[in-house]
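I opened this model to look at its pockets, its helices and a few single residues. My entries follow in the order I made them.

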Amino acid sequence: METSQLTGAGWIIFGVSLVMAAVAFGYVLMSPSKTRVAAWASHYGLTLTETNQSVVAAYLRKTRLLQLVFTTIGWVASPLYIGLLGRPFPLGDSWVALAVGGYLVGTVAAEVTYLSRRRAPASVRTAALSPRTPSNYVPAATIWAIRLLPIAMVILAAFYAVIPKDPQRGVDPSILFLAVEAIAVVAFAMVIDRLLWAVVARPQQATTEDLLAADDAIRASSIHALSAAGLALILLSIGWALFSVGTVTSIAQVSQVLPWCGVICDVTALVVWIWVGHLTTWRVRREASLVAGK
C-alpha cells in the first residue's frame with residue numbers, strides 16, 4: 001500500500017491557510033460596500049443606477065462566496081487527505097492546481113445559481129439583435145489560447161513516448177499516463193469552450209437598459225473567471241508535462257532546459273489566473289439593443 005505523510009511545514013501552511021480562509025469568509029459574507037460595487041462596475045464599464053446596483057451587489061456576494069468555498073476545499077483537500085489517511089490524494093498533490101480547479105467549480109456553481117434564480121413576474125427574456133461570441137466578453141487571444149494550448153500537451157506526450165529515458169531513474173509516469181493526460185486536457189479545453197458559449201447564449205432577463213448593461217457585465221465576469229481558471233489548469237498540466245519530460249530524459253540539454261520551462265509555465269498559469277480573472281479591465285461590446293421578449 002502506497003503511503004504518504006504531511007511534513008511539519010505542510011501542517012503549518014495548512015493551518016495558516018485555514019486562518020486566512022476564515023478571515024476571507026468573514027469578508028465575503030458581508031454585503032459588498034458601495035465602494036467595492038463601484039470598483040467592480042468600473043472594471044467592466046458599467047454605469048450603476050439605483051436599479052442595477054442591488055443586482056450587482058447580490059451577484060458579487062454569492063459568487064465570491066461560492067468561489068472561496070470551493071477554492072478552499074481544493075486547496076486543503078490534498079493535505080487533509082494525506083494527513084488523516086496517510087495516502088496520496090487520488091486527484092494529485094498539487095495544492096495550487098486543486099485550488100484553481102475548486103475556483104472553477106465555484107464559478108460554474110455561481111453561474112448555475114444565477115441562472116436558476118426566480119424571475120420577477122414582469123421580467124422579460126430577451127436576446128440581442130446580432131449574434132455574440134465569447135470574444136465580445138473576453139479578449140479573443142484568451143479564447144484561442146484555450147483552444148490551441150492543448151496541442152502542446154499532445155506534442156509533449158508524443159515526445160515523451162520516443163525520447164531516450166534515463167535508465168537510472170526509478171518510478172516515472174508511464175507513456176499511457178501521459179497519453180491519457182493529453183486526451184484529458186484536450187477534452188477539458190472543449191468543455192471550457194462550451195461553457196463559455198453557454199454563458200454567452202443564455203437569455204437575458206432584463207427590461208431596461210441599465211439592467212441589460214448589468215447582465216452583460218455579470219456575464220463578462222463569469223466568462224473571465226471561467227476562461228482564466230480553465231487556461232490556468234491547462235498551463236499547469238503543460239508545466240507538469242514539461243517537468244516530467246525534462247527529468248526523465250537522458251539527453252542532457254533537454255534535461256537542463258525543460259524543467260525550467262515547466263516552472264515558468266506554472267508561474268505563468270498563476271499570473272494568467274489572477275490577471276485574466278480579476279485584473280483585466282474589459283468593456284463589453286454591445287452592438288445591439290433588445291428584441292421582442294420570449
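**Entry 1: the largest pocket**

I began with the lining of the largest pocket, where α7 gives the most, with seven residues. I kept in mind that this is a predicted model. The pocket holds about 920 Å³ of space. I counted 32 lining residues, and the closest to the centre are Leu91, Ser94, Ala97, Glu181 and Ser237.

Which elements supply at least two residues of this lining? I found α3 (50-85), α4 (95-116), α6 (175-201), α7 (209-248) and α8 (252-279). I then sorted the lining of the largest pocket by class: 21 residues are nonpolar, eight are polar and three are charged.

**Entry 2: the second largest pocket**

I moved on to the second largest pocket, with a volume of about 400 Å³. Its lining has 15 residues, and Leu68, Thr71, Trp75, Ala99 and Trp273 are the closest to its centre. Two or more lining residues come from each of α1 (8-29), α3, α4 and α8. By class I noted eleven nonpolar residues, four polar and no charged in this second lining.

**Entry 3: the whole chain**

I stepped back to the overall layout. The chain has eight helices and two strands. Read from the N terminus, the order is α-α-α-α-β-α-α-β-α-α. Of the 294 residues, 42% are buried.

I also checked how contacts are spread along the sequence. I took those between residues at least 6 apart, and 80% of them join residues at least 24 apart.

**Entry 4: helix α7**

I went back to α7 for its length and cover. It has 40 residues. Its first and last C-alpha atoms are 58 Å apart, close to the 58 Å expected at 1.5 Å a residue. Is α7 mostly covered or mostly open? It is mostly covered, with 33 of its 40 residues buried.

**Entry 5: helix α6**

I ran the length check on α6 too. This helix has 27 residues, so at 1.5 Å a residue it should span 39 Å. The end C-alpha atoms of α6 are 39 Å apart, which agrees.

I listed the buried residues of α6: Leu178, Ala182, Val185, Ala189, Ile192, Asp193, Leu196, Val199 and Val200. I set a general point beside that list. An α-helix has 3.6 residues a turn, so residues three or four places apart point the same way.

**Entry 6: helix α5**

I looked next at α5, which covers residues 140-162 and has 23 residues. From first C-alpha to last, α5 reaches 35 Å, close to the 33 Å expected.

Where does the kink in α5 lie? I found it at isoleucine 146, shortly before proline 150, at about 35 degrees. Both of these residues are on the buried list for α5. The others on that list are Thr142, Ile143, Met153, Leu156, Ala157 and Tyr160.

**Entry 7: threonine 72**

I picked out threonine 72, which lies in helix α3. Is threonine 72 buried or exposed? It counts as buried because its relative accessibility is 15%, and the cut-off for buried is under 20%.

I then looked up its contacts, leaving out residues up to four places away in sequence. Threonine 72 touches Ala21 and Phe25. I also took the C-alpha distance from threonine 72 to leucine 98, and it is 9.2 Å. These two residues are 26 apart in sequence.

**Entry 8: two residues of helix α8**

I finished with α8. Tryptophan 275 lies in this helix, and valine 267 is found there as well.

Tryptophan 275 has a relative accessible area of 48%, so I logged it as partly exposed. Its C-alpha atom is 9.6 Å from that of histidine 224. Along the chain, tryptophan 275 and histidine 224 are 51 residues apart.

Valine 267 is partly exposed too, with a relative accessible area of 49%. The cut-off for exposed is over 50%. I took the C-alpha distance from valine 267 to glycine 239, and it is 9.0 Å. Valine 267 and glycine 239 are 28 residues apart along the chain.

Conventions. Residues numbered from 1 in each chain as written. Predicted model: local features only at pLDDT ≥ 70, side-chain atom pairs only at ≥ 80, totals over all residues. Heavy atoms only, no water. 1 Å grid on protein atoms, 1.4 Å probe; cavity = no way out; pocket = protein on both sides within 12 Å on 5 of 7 lines; lining within 4 Å. Points joined across faces, edges and corners; volume = space filled by probe spheres on them. Helix = DSSP H or I, 4+ residues; strand = E, 2+ residues; numbered from the N terminus. Nonpolar A, V, L, I, M, F, W, Y, C, P; charged D, E, K, R; others polar. Expected span 1.5 Å × (residues − 1). Bend = angle between axes of the 7 residues up to and from the residue. Buried < 20%, exposed > 50% of the residue type's maximum accessible area, 1.4 Å probe, protein only. Contact = heavy atoms within 4.5 Å.
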